[in-house]
Amino acid sequence: MTKLEQMLDEAGSVVILGHVNPDGDCMGSCLAMYRYAKKRKPEARIWVCLKNFPEKFSYMDGFEEIKEDAGSQPFDLCICLDCSDKERLGEFAVYLESAKKSICVDHHVTNTGYAQENVVAPGASSTAEVLYGQLSEEFLDREIAECLYTGIVHDTGVFRYSSTTVKTMEIAGKLMDMGIDFTKIVDSTFFKKTYLQSQILGRALMESIRFMDGKCIFTVVKSQDMEFYGVEPKDLDGIVDHLRTIDGVECAIFMYEIDTHVYKVSMRSNYVVDVSTIAAYFGGGGHVRAAGCTMSGSIHDVVNNLSGHIEKQLLAENADD
Ligand code: AMP
Ligand code: MN
Ligand code: MN
């Protein structure tokens, strides 16, 4: 029995949390955990709390039961998934503080170990992959498989990123074997975009600027652009990955305005730059090839600050050659 299962078996009430602006891995892991916990402990009070999540994940079991507002009642156990630090729990952090016990299952190299028990595998493709290893097969079913597969697909960019391993593929294969409609999951949640999402993507690409001899690229979506196109932050998923795949690019920066002179920054790299250390330096976190943070100042300041760190890493790499 894993630590997670042991803690689950001992709890009369459980709350499951993810990170702010949940992505596919976060949604899939939380909803897989939710159904698993309900199956394993039918008599327990089990909640899953998330906010600002995309409707495209509504095929996952339990989606309709997600609680969007934090209450004040304490839980015996708080399970945090795909969340590297306490702050990223957002308003639901109150549940972590009031819970008798807590466990975090994650794959961020920048995880701070904020829960009582921390199952963190920085090399793993996704939290869904780590979570799979913590669950007993006897309770798995097609619905849980759909959630876990969604998580793996999203965090690997459909099995493309370097974090994809043989183990990732083996787990995905086992999940496929449970009868999930994997084509539909991939198409409807990863590739399909609304007209407006496609338009803002097009605009962001058109306005992108290359620097450092084309090794770096950045683009910005301002609040007024988001208003104009009628889109929200969750509609901007995937823009940074388009930047990353442009020929010659080593490091891609995507930012959108969350307040006046405050930007949510996403970074991606291909081979050399460790973006997690740069994001962590500016108070964020993530993975070696995908990380994010929030930064203040003018667009120029933000890009300048980031490019200093990127350049340093690129120069150090060249010196090694
Ligand atoms: P994003 O660029 O938002 O898609 O995030 C890339 C990776 O970095 C994901 O694994 C995020 O969970 C992580 N990440 C993004 N922003 C932050 C942040 N402010 N603090 C910690 N981790 C972050
Ligand atoms: Mn995530
Ligand atoms: Mn993840």
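Donors are N, O and S atoms within 2.8 Å of the metal (3.2 Å for Na, K and Ca); water is not among the atoms, so sites may look incomplete. By that rule, the donors of the manganese ion (ligand 3) follow the spacing D-x56-D-x24-H-x47-D along the chain. This is a predicted model, in which local features need pLDDT of at least 70 and side-chain atom pairs count only at pLDDT 80 or more, while totals for chains, interfaces and linings use all residues. Residues are numbered from 1 along each chain as its sequence is written, chains are lettered from A and ligands numbered from 1 in the order in which they are written, and side-chain values use heavy atoms, with hydrogens and water left out.

**The manganese ions**

- The manganese ion (ligand 3) has the protein donors D25 (OD), D82 (OD), H107 (NE2) and D155 (OD), at 2.1 to 2.2 Å.
- Within this set, D82 sits in the loop between β3 and α3, and H107 in the loop between β4 (101–106) and β5 (117–120). The two are 25 residues apart, and the pair links distant parts of the chain. Helices (H or I, at least four residues) and strands (E, at least two) are DSSP runs, numbered from the N terminus.
- The manganese ion (ligand 2) has the protein donors H19 (NE2), D23 (OD), D23 (OD) and D82 (OD), at 2.1 to 2.7 Å. Along the chain, their spacing reads H-x3-D-x58-D.
- D82 bridges the manganese ion (ligand 2) and the manganese ion (ligand 3), and these ions lie 3.6 Å apart.
- D23 lies in the loop between β1 (13–17) and α2 (24–40), and D82 in the loop between β3 (77–81) and α3 (93–98), so the pair ties together parts that are 59 residues apart in sequence.

**Burial of the donors**

- D82 is buried at 2% relative accessibility. Buried means under 20% relative accessible area, exposed over 50%, partly exposed in between (1.4 Å probe, protein chains only).
- H107 is buried too, with a relative accessible area of 1%.
- D23 counts as partly exposed, at 24% relative accessibility.

**The shell around ligand 1**

- There are 15 residues around ligand 1, and R88, H108, S266, R268 and H287 come nearest. A residue is near a molecule if one of its heavy atoms lies within 4 Å of it.
- A polar side-chain atom of H108 is 2.7 Å from an oxygen atom of ligand 1. For H287, a polar side-chain atom lies 3.0 Å from an oxygen atom of the ligand. In K264, a side-chain N or O atom is 3.1 Å from an oxygen atom of ligand 1. A polar contact is a pair of N or O atoms within 3.5 Å.
- The protein covers 84% of the 470 Å² of accessible area that ligand 1 has on its own. Accessible areas come from the Shrake-Rupley method with a 1.4 Å probe.
- The shell residues divide into three nonpolar, eight polar and four charged.
- β9 (262–269), β10 (285–286) and β11 (290–296) each supply at least two shell residues. The largest share, four residues, comes from β11.
- Domain 1 (3–191) and domain 2 (195–320) each give at least three residues to the shell. Domain bounds come from an automatic or database domain assignment.

**Backbone angles**

- Most residues other than glycine have a negative phi.
- M212 has a positive phi, near 50°. Its place is in the loop between β6 (209–211) and β7 (216–221).
- H261 also has a positive phi, near 60°. H261 lies in the loop between β8 (251–259) and β9, and counts as partly exposed at 44% relative accessibility.

Methods. A polar contact is a pair of N or O atoms within 3.5 Å; within protein, one must be able to donate a hydrogen and the other to accept it, and residues adjacent in sequence count only if both atoms are side-chain atoms. Ala, Val, Leu, Ile, Met, Phe, Trp, Tyr, Cys and Pro count as nonpolar, Asp, Glu, Lys and Arg as charged, and the others, Gly among them, as polar.
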